[in-house]
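User: I would like a close look at one part of this structure, together with what surrounds it. Please go slowly, since I am new to reading models.

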Amino acid sequence: MARKPKTPRWLEAARRRQEPVPEGSRADWLARALGRAGVMPRAEAEQAIREGRVEVDGRVEHEPFAPVHAGSVVRVDETPRSLEARTLALLFHKPAGVVVHGSDPEGIGTVFERLRPVLPPELRGHEWYAVGRLDRDTTGLLLFTNEERLVAHATSPETHVPKRYVADVEGNPSEAALQRLREGLVLDDGPTRPAGARLLAPGRVELVLTEGRHHQVKRMLAAVGHPVRTLHREAVGSLVLDVPEGACRLLTDAEVEQGLGFRAHPSPSGRGPG
Ligand code: URA
């Protein structure tokens with residue numbers, strides 16, 4: 001069944017206020033625009049807005065979902081702040097034992113808590129979105145970005161961005177088992193795409209997927225009789241993990257464009273509403 005398109009929250013807020021929705025230039029909502037532009041992360045922005053510390057076009061704004069656009073004049077604590085936002089992406093080496101979730105009701109620890117202290121000070125004002133998920137026990141390359149369109153691009157099965165994993169498994173997969181992985185096999189949520197699969201050492205398999213379904217590597221290897229013991233992601237697109245565990249580095253625009261096939265927008269003007 002086709003899903004009903006979700007009305008963006010900034011648009012709902014604009015309708016509630018019966019304000020005209022800005023056309024042409026990109027519209028966004030205030031707290032998110034502040035997070036994307038690196039003024040302050042979204043939760044902090046929402047608090048500052050509710051505390052009456054943020055003005056838009058000369059008026060104190062109390063609604064975090066208030067629509068703003070490239071031309072809006074925004075002041076925070078009486079200081080003018082630009083909403084211009086360059087697409088940024090970080091390559092992070094995820095350690096085991098932390099979840100890729102914003103909320104953490106069980107107190108396990110999140111990647112966001114690990115990322116924040118290793119960010120250079122000039123990047124701490126941004127809202128960072130994880131590009132896809134890794135399981136709690138999976139280590140390796142995890143990207144973060146301030147741009148939700150990059151998340152959508154890199155995680156969409158349509159864009160075929162390859163993800164390379166190395167798994168230590170139970171037993172030693174035969175050539176026939178590897179061939180099943182290569183050809184694609186049927187999981188409980190449908191057939192998998194053909195994958196790259198090769199044996200790196202006894203009990204160690206490299207798997208390259210162009211889709212990212214829930215627990216996909218573990219489910220594929222279990223389906224051919226070799227449950228995963230440990231899982232590590234080495235590469236996404238042509239970006240290869242090159243920082244020590246727990247560290248991150250900012251990618252260049254060229255790396256984002258060539259490595260992920262994503263054309264970054266240097267500024268927000270001219271984009272459609274998010
Ligand atoms: N596949 C999995 O099973 N787990 C991950 O963390 C990533 C891909």
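Analyst: Let's begin with pLDDT, which is the predictor's confidence in each residue, on a scale from 0 to 100. The chain has a mean pLDDT of 90, with 88% of its residues at 70 or more. Residues are numbered from 1 along each chain as its sequence is written, and this is a predicted model in which local features need pLDDT of at least 70, while side-chain atom pairs count only at pLDDT 80 or more. Totals for chains, interfaces and linings use all residues, and side-chain values use heavy atoms, leaving out hydrogens and water.

One stretch calls for caution: residues 267–274 stay under 50 in pLDDT, and the model has 21 contacts for them beyond four places in sequence. A contact here means heavy atoms within 4.5 Å. Where pLDDT is low, the predicted coordinates should not be read in detail.

The part I have picked for you is helix 5, which covers residues 148–155. Helices (H or I, at least four residues) and strands (E, at least two) are DSSP runs, numbered from the N terminus. Which residues of helix 5 are buried? They are Leu 150, Val 151, His 153 and Ala 154. Buried means under 20% relative accessible area, exposed means over 50%, and partly exposed lies in between, using a 1.4 Å probe and protein chains only.

Now look down the axis of helix 5. The buried residues fall within an arc of 165 degrees, so they line one face of the helix. The arc is that of the directions from the helix axis to the C-beta atoms. What does this buried set pack against? Its neighbours are strand 7 (89–94), strand 8 (129–130), strand 9 (139–145), strand 10 (163–169) and helix 8 (253–260).

Strand 9 is a good neighbour to follow, as seven of its seven residues are buried. Two strands pair if DSSP finds at least two bridges between them. Strand 9 pairs with strand 7 in the antiparallel sense over six bridges; there, Ala 89 has Thr 145 of strand 9 as its bridge partner. Strand 8 also runs antiparallel to strand 9, and two bridges join them, with Ala 130 partnered by Phe 144 in strand 9. With strand 15 (residues 228–236), strand 9 pairs in the parallel sense over two bridges, and Gly 140 has Arg 233 of strand 15 as its bridge partner.

Let's return to the start of helix 5. Here a side-chain oxygen of Glu 147 comes to within 3.0 Å of the backbone nitrogen of Arg 149. Both residues also belong to a network of salt bridges, which links Asp 28, Arg 32, Arg 36, Glu 147, Glu 148 and Arg 149. A salt bridge is a side-chain nitrogen of Lys or Arg within 4 Å of a carboxyl oxygen of Asp or Glu.

Within that network, Asp 28 deserves a look of its own. Asp 28 sits in strand 1 (residues 27–29) and is buried, with a relative accessible area of 1%. Its side chain makes a polar contact of 2.9 Å with the side chain of Arg 32, and another of 2.5 Å with the side chain of Arg 36. A polar contact is a pair of N or O atoms within 3.5 Å; within protein, one must be able to donate a hydrogen and the other to accept it, and residues adjacent in sequence count only if both atoms are side-chain atoms.

Finally, let's step outward to other salt bridges, of which the structure holds 25. One of them joins Asp 137 to Lys 218, with the closest N and O atoms 2.8 Å apart. Asp 137 lies in the loop between strand 8 and strand 9, and Lys 218 in helix 7, so this pair ties together parts that are 81 residues apart in sequence. Asp 137 is partly exposed, at 44% relative accessible area.

Another salt bridge involves strand 10, which you met as a neighbour of helix 5. Arg 164 forms a salt bridge with Glu 206, the closest N and O atoms being 4.0 Å apart. This pair links distant parts of the chain, as Arg 164 is in strand 10 and Glu 206 in strand 14, 42 residues apart. Arg 164 counts as partly exposed at 24% relative accessibility, whereas Glu 206 counts as buried at 10%.
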